[in-house]
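Here is a friendly briefing to read with the structure open beside you. It goes topic by topic, so feel free to jump to the part you need.

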Amino acid sequence: MDRQGAVAQLRRAVNEFAQTQLAALDTDGPWSVGLSGGPDSLALTAAAARLRPTTALIVDHGLQAGSAEIAESARTQAISLGCEQARVLRVEVGVDGGPEAAARTARYAALDRHRDGPVLLAHTLDDQAETVLLGLGRGSGARSIAGMRPCDPPWCRPLLGVRRQVTHAACTELGLEPWRDPHNADRRFTRVRLRNEVLPLLEEVLGGGVAEALARTATALREDTELIDAIADAALPEVTTNQGLNTAALSELSAPVRRRVIRAWLLAGGAIGLTDKQIRGVDTLVTVWRGQGGVAVGSTLRGRRLVAGRRDGLLTLRQETI
């Protein structure tokens, strides 16, 4: 911690983010903060409310006993910190994708629906490091290892360069009592074990600085990913026909660009939850064509899936009943 203290560090980080990332979007009006009541989001709310008119959005998932009281406490703290508005958003969590994914889907939908301007989220450098490790472990490809974007409108993450210890220290400096989510200590969750067991061990074995190194890796990969995405976006119309993708034209593209084109085409056709393995499987329909069958991918359509196949020199996408 420098001599200015944790609160000053946070304000500086949020202010610099506003002057760079948000200025580029020509967004200088009010903003919202996703507030859970935990130390990270509480510290972010305190910093944000000093800089712009701020609306705190507190999502009550209703998944834990006393969640309504926790949400109301967060709302009261937000007002005391200078937020112009603080709203509790009660949501119903579905089941698709498991409890964590379903809660996240419900939360982001509510935040998007009720936001006033961009939404600041309190993901820290430590969260970014954990995300990179999860991507590495799952073999999800460069996009996953690239981690979270600082700005992916309307979602903004001004604390990706700030360690978690700074947000906790800021709460102490401000005399705030954050809520401690018991899920953050539950070893049943993979991210909790990464946070409390894997990262500390890596820090010990490698001599420190691991979280910062993982965050730097994410930044470098994200820059490369965004460049390839831009090239793929320009190439997609050139290989697209009314019936599908022209495999001869696809084969002329470099492998990374070709796979990004395939990914974009699948997503546009309604695919969801794409994995690197699936995308590479579709790619083999172009590069190693031996008359093989198609590749199934997830779909938003209930009871149906999408299958990418090859016919008459084209990649095509069809629906099949599950």
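**Sheets, domains and a few local details**

An open sheet is built from six strands in the order S3-S2-S1-S4-S6-S5, and its pairing is mixed. Please keep in mind that this is a predicted model. The chain is assigned two domains, domain 1 covering 6-215 and domain 2 covering 242-321.

**The six-stranded sheet**

- The edges of this sheet are strand S3 (85-90) and strand S5 (151-152), each of which pairs on one side only.
- Inside the order S3-S2-S1-S4-S6-S5, strand S1 (residues 31-34) and strand S4 (residues 119-120) run parallel and are joined by two bridges.
- If you would like a residue to click on, try Ser32, whose bridge partner in S4 is Val119.

**The five-stranded sheet**

- A second open sheet to look at has five strands, ordered S7-S11-S10-S9-S8, and its pairing is antiparallel.
- Strand S7 (245-246) and strand S8 (271-272) are the edge strands here, each pairing on one side only.
- S8 runs antiparallel to strand S9 (residues 295-299), and two bridges join them.
- Within that pairing, Ile272 stands opposite Gly298 in S9.

**Where the two domains meet**

- How far apart are the centres of domain 1 and domain 2? Taken over C-alpha atoms, they are separated by 35 Å.
- On the domain 1 side, five residues are in contact with four residues of domain 2.
- The size of an interface is often expressed as the accessible area that is lost when the parts come together.
- For domain 1 and domain 2, the area buried between them is about 330 Å², with 34% of it on carbon and sulfur atoms.
- Sorted by class, the side of domain 1 that touches domain 2 has three polar and two charged residues, and no nonpolar ones.
- How many salt bridges are there between domain 1 and domain 2? The count is zero.
- The number of residue pairs in polar contact between domain 1 and domain 2 is also zero, counting pairs with both residues at pLDDT 80 or more.

**Salt bridges**

- Side chains of opposite charge can pair when their charged atoms come close.
- The salt bridge count comes to 23.
- One salt bridge to look up is between the side chains of Glu130 and Arg191, at 3.2 Å from N to O.
- Glu130 belongs to helix H5 (residues 125-138) and Arg191 to helix H8 (residues 190-206), so this pair ties together parts that are 61 residues apart in sequence.

**Backbone details worth a look**

- Which kind of peptide bond joins Pro153 and Pro154? The bond is cis, with omega at about 10°.
- You will find Pro154 in the loop between S5 and strand S6 (155-156), and S5 is an edge strand of its sheet.
- Asp312 has a positive phi of about 55°, although this residue is not a glycine.
- Asp312 sits in the loop between strand S10 (304-311) and strand S11 (314-321), and both S10 and S11 appear in the order S7-S11-S10-S9-S8 of the five-stranded sheet.

Definitions and conventions
Residues numbered from 1 in each chain as written. Predicted model: local features only at pLDDT ≥ 70, side-chain atom pairs only at ≥ 80, totals over all residues. Heavy atoms only, no water. Domains from an automatic or database assignment. Contact = heavy atoms within 4.5 Å. Buried area = accessible area lost by both parts, 1.4 Å probe. Salt bridge = Lys/Arg side-chain N within 4 Å of Asp/Glu carboxyl O. Polar contact = N/O pair within 3.5 Å; in protein donor to acceptor, adjacent residues only side chain to side chain. Nonpolar A, V, L, I, M, F, W, Y, C, P; charged D, E, K, R; others polar. Pairing = 2+ DSSP bridges. Helix = DSSP H or I, 4+ residues; strand = E, 2+ residues; numbered from the N terminus.
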